[in-house]
Amino acid sequence: MSGSDQHAVVVGGGLAGVTAALELADAGLRVTLLEGRPRLGGLAFSFKRGDLTVDNGQHVYLRCCTAYRWFLDRVDGAALAPLQDRLDVPVLDVAHPAGPRLGRLRRSALPVPLHLAASLARYPHLSLAERASVGRAALALRRLDPADPALDGLDFATWLARYGQSPRTVEALWDLVGIATLNATAEQSSLGLAAMVFKTGLLSENGAADIGWARVPLGELHDTLARKALDSAGVRTELRTRVTGISRTAEGDWRVDTDGESLDAAVVVLAVPQREAHGLLPAGALADPDKLLDIGTAPILNVHVVYDRKVLRQPFFAALGTPVQWVFDRTDSSGLTDGGQYLALSQSVAHDDIDEPVSVLRAKYLPELERLLPAARGAKVRDFFVTRERTATFAPGPGVGRLRPGPRTDTPGLYLAGAWTATGWPATMESAVRSGLGAAHAALAALGRPREHPLQEAV
């Protein structure tokens, strides 16, 4: 083998790129990882704000997210992002005519689908008839095949209406989950992706929807520990390195040009957002590369509030009857130790708010937090700031499935990775890791170096 035959270059240091680099290095290839930012982690990262360490956004995963759980194990971070023992989501409705009402979505130890039956029967945000209709829709959902191309062309809201789901049921249950996982409302979501989320998360195994989240800053997992794992695997990692072009050499290998050097490789994995991938793809790599430009994006806004005292006694909750969607206590993970409390509001489908000035968002969200949390009414706000991810995820609308490419391109040795590629999942950390594994294993198979896939269902 020549030097380039043993060399793989991964472009992009988000979860997809780090995953691909680790898997290729573990298979014995010499790997170089190139990232334009000064850190790893992509859109799941941390930064300093005074004495606090702040995540750009609240990220969670589920027990069914086997690829992301593999990633946590691979970087030795699983203990820092534990799962709930059992799904338990407090849901507070502040618009109920009789006053604020708290309900919970939690599972029992019973088998699927009975594991959610007791919780649904007591769920106070739906009428008795609406709760019964949810059961009928869930049974119909179990019969769907999320991989069926026909489902990609339909929207979830139309399907839900077909099965008798009222607007209130959609708001208080289906969208409560769907907006957080898909970054889209039911009417904005492909039935295929929505079916995948609900069937896998709620209707596959008893504990599939148990929620996990980092108890440390995301940067500790996705940057510090990821870099340590890459170093241990022998990966050369170059940050602040912008790739300017990718081309074929006269010998048929690949050349990756950066601002500072040119690298020759047998394998290149493009693990960057779809528009950036489109700009770097050489001619002939995809039959219709402009499809990548048709994959829309959707924003997520995160609102960060630091109070001078504790105003929330639960780790998180979801909200109804208010613009607020999900609220998380990030006090411990941020390093706040003086008796105050730091709350992070995760606001998906944030098209209306994403470009609003901080002053407007402050005037909108602080009164809403006081409606939700009576203890906040007398508390002093020490800090209020927002983080904006205008292209946080791909838009999961009807028809997006036909636009998402798989890991293989039409040119040998060049592969694609990223949450936006055809993983079958919406734009999540799980999808990103799955895409990195898919690209790495496609490359290894083409090199005649097949490797056992770490995910049980893919073996």
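## Exercises on cavities, a pocket and selected residues

The lining of the second largest pocket divides into 11 nonpolar, 6 polar and 5 charged residues. The structure is a predicted model, and the exercises below work through this pocket, the cavities and a few single elements.

**Exercise 1.** Describe the second largest pocket by its volume and find which element gives the most to its lining.

Solution.
- Step 1. The space in the second largest pocket comes to about 430 Å³.
- Step 2. Its lining is made of 22 residues, and Ile179, Thr322, Pro323, Val324 and Gln325 lie nearest the centre.
- Step 3. At least two lining residues come from each of α7, β15 (316-320), β17 and α12 (358-372).
- Step 4. The most is given by α7, with 5 residues.

**Exercise 2.** State how many cavities of 30 Å³ or more the structure holds, and describe the lining of the largest cavity.

Solution.
- Step 1. There are 2 cavities of 30 Å³ or more.
- Step 2. The largest cavity holds about 70 Å³ of space.
- Step 3. Its lining consists of Thr53, Asp55, Gly57, Gln58, Pro217, His304, Arg330, Ser333, Ser334, Tyr342 and Ala344.
- Step 4. β4 (52-55), α11 (331-334) and β17 (341-348) each contribute at least two of the residues lining the largest cavity.
- Step 5. Sorted by class, this lining has 6 polar, 3 nonpolar and 2 charged residues.

**Exercise 3.** Do the same for the second largest cavity, and name the helix with the largest share of its lining.

Solution.
- Step 1. The volume of the second largest cavity is about 30 Å³.
- Step 2. Among the residues that line the second largest cavity are Phe156, Trp174, Asp175, Gly178, Leu182 and Phe198.
- Step 3. Helix α7 (residues 167-182) supplies the largest share of this lining, 4 residues.
- Step 4. The class count is 6 nonpolar, 3 polar and 1 charged.

**Exercise 4.** Strand β4 pairs with β3; work out the sense of the pairing and give the bridge partner of Phe47.

Solution.
- Step 1. β3 (residues 46-49) and β4 run antiparallel and are joined over 4 bridges.
- Step 2. Phe47 has Val54 of β4 as its bridge partner.
- Step 3. The hairpin of β3 and β4 has 2 residues between the strands, and Gly50 there takes a positive phi near 65 degrees.

**Exercise 5.** Check the span of helix α4 against its residue count, then list its buried residues and what they pack against.

Solution.
- Step 1. α4 (residues 128-142) has 15 residues, so at 1.5 Å a residue it should span 21 Å.
- Step 2. The C-alpha atoms at its ends are 22 Å apart, which agrees with the expected span.
- Step 3. The buried residues of α4 are Glu130, Arg131, Ser133, Val134, Ala137, Ala138, Ala140 and Leu141.
- Step 4. These buried residues pack against α3 (117-121), α6 (156-162), α7 and α8 (191-202).

**Exercise 6.** Decide whether Glu23 is buried or exposed, and decide the same for Arg313.

Solution.
- Step 1. Glu23 is located in helix α1 (residues 15-26).
- Step 2. Its relative accessibility is 2%, and buried means under 20%, so Glu23 is buried.
- Step 3. Neighbours within four places in sequence aside, Glu23 has contacts with Trp70, Leu437, Ala440, His441, Leu444, Arg451, Glu452 and Pro454.
- Step 4. Arg313 sits in the loop between β14 (297-307) and β15.
- Step 5. Its relative accessible area is 71%, and exposed means over 50%, so Arg313 is exposed.
- Step 6. From C-alpha to C-alpha, Arg313 and Leu373 are 9.9 Å apart, with 60 residues of sequence separation.

Technical notes:
Residues numbered from 1 in each chain as written. Predicted model: local features only at pLDDT ≥ 70, side-chain atom pairs only at ≥ 80, totals over all residues. Heavy atoms only, no water. 1 Å grid on protein atoms, 1.4 Å probe; cavity = no way out; pocket = protein on both sides within 12 Å on 5 of 7 lines; lining within 4 Å. Points joined across faces, edges and corners; volume = space filled by probe spheres on them. Nonpolar A, V, L, I, M, F, W, Y, C, P; charged D, E, K, R; others polar. Pairing = 2+ DSSP bridges. Expected span 1.5 Å × (residues − 1). Buried < 20%, exposed > 50% of the residue type's maximum accessible area, 1.4 Å probe, protein only. Contact = heavy atoms within 4.5 Å.
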